[in-house]
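Visitor: Hi, I have a few quick questions about this protein. Can you walk me through it?
Guide: Sure, take a look first.

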Amino acid sequence: GVASRGGVVKTAGTFWGEDFILENWDLKEHIDARALTYVEILILNRESFFDCMENFSEEMKSVRKASVRLAIHRGILRFARAMREQGLRGVAMMSKANIHQADLDESGHKNEIMMRRVSNG
C-alpha cells in the first residue's frame with residue numbers, strides 16, 4: 001500500500017513513529033498519516049517494545065543511545081523554533097561582571113549557568 005505522512009509518501013517496507021522511544025510527549029512528532037491506497041499497518045507500542053527489550057541488554061544500550069541523541073536533536077530544534085517565533089537571534093553567556101552575589105552559593109561558586117537572550121536590536 002501507499003500512505004502519506006507530513007507530505008512524504010510511504011510505501012511497503014517503510015515506517016514512521018520511531019520517536020516512540022522518547023518519553024517526552026512534546027519531543028515526539030504528532031503528524032497524521034493518510035492511506036492513499038489499501039494499507040496494512042503493524043503497530044508496536046512503547047510499553048510492549050521495552051518489555052521485549054528487557055531480554056536484550058546490549059541492544060537496549062543502542063536504543064538508549066538513540067533515544068538520547070533524538071531527544072537532544074528534537075530539543076534543540078524546539079528551542080530554535082521558539083527563539084525564532086519570539087524574534088530572537090541567539091543566547092549568550094552573561095559575563096562574570098553580570099553575575100550577582102545572590103547567584104553564588106556559600107563557597108562563592110555559581111549555582112547554575114546564567115544565560116540571557118540576545119534581541120535582534
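Visitor: Which backbone oxygen lies 3.3 Å from a polar atom of the side chain of lysine 10?
Guide: That of phenylalanine 15. Keep in mind that this is a predicted model.

Visitor: Where is lysine 10 found?
Guide: In strand β2, which covers residues 8-10.

Visitor: Is lysine 10 buried or exposed?
Guide: Lysine 10 is buried, yet it has no salt bridge.

Visitor: What is the nearest side chain of opposite charge, then?
Guide: Glutamate 18, at 6.4 Å. A salt bridge has to be within 4 Å, so this pair does not count.

Visitor: Which residues does lysine 10 touch?
Guide: Leaving out residues up to four places away in sequence, lysine 10 touches Gly1, Val2, Ala3, Phe15 and Trp16.

Visitor: New topic. Which residues form the largest nonpolar core?
Guide: Five of them: Ile21, Phe49, Phe50, Met53 and Val63. Helix α1, residues 46-53, gives the most, with three residues.

Visitor: Why would nonpolar side chains be buried together?
Guide: It is a general tendency in soluble globular proteins.

Visitor: And what does phenylalanine 49 touch?
Guide: Phe20, Ile21, Leu44 and Val63, again not counting residues up to four places away in sequence.

Visitor: Last one. Where does asparagine 24 lie?
Guide: In the loop between β2 and β3. Its side chain reaches the backbone nitrogen of aspartate 26 at 2.7 Å.

Visitor: Why does asparagine 24 count as partly exposed?
Guide: Because its relative accessibility is 36%. The partly exposed range runs between 20% and 50%.

Visitor: How far is asparagine 24 from alanine 71 in space?
Guide: 8.3 Å, C-alpha to C-alpha, though they are 47 residues apart in sequence.

Note on methods. Residues are numbered from 1 along each chain as its sequence is written. This is a predicted model: local features need pLDDT of at least 70, side-chain atom pairs count only at pLDDT 80 or more; totals for chains, interfaces and linings use all residues. Side-chain values use heavy atoms; hydrogens and water are left out. A nonpolar core is a set of buried Ala, Val, Leu, Ile, Met, Phe, Trp, Tyr and Cys residues joined through side-chain atoms within 4.5 Å. Buried means under 20% relative accessible area, exposed over 50%, partly exposed in between (1.4 Å probe, protein chains only). Helices (H or I, at least four residues) and strands (E, at least two) are DSSP runs, numbered from the N terminus. Contact means heavy atoms within 4.5 Å. Lys and Arg count as positive and Asp and Glu as negative; His and the chain ends are not counted. A polar contact is a pair of N or O atoms within 3.5 Å; within protein, one must be able to donate a hydrogen and the other to accept it, and residues adjacent in sequence count only if both atoms are side-chain atoms.
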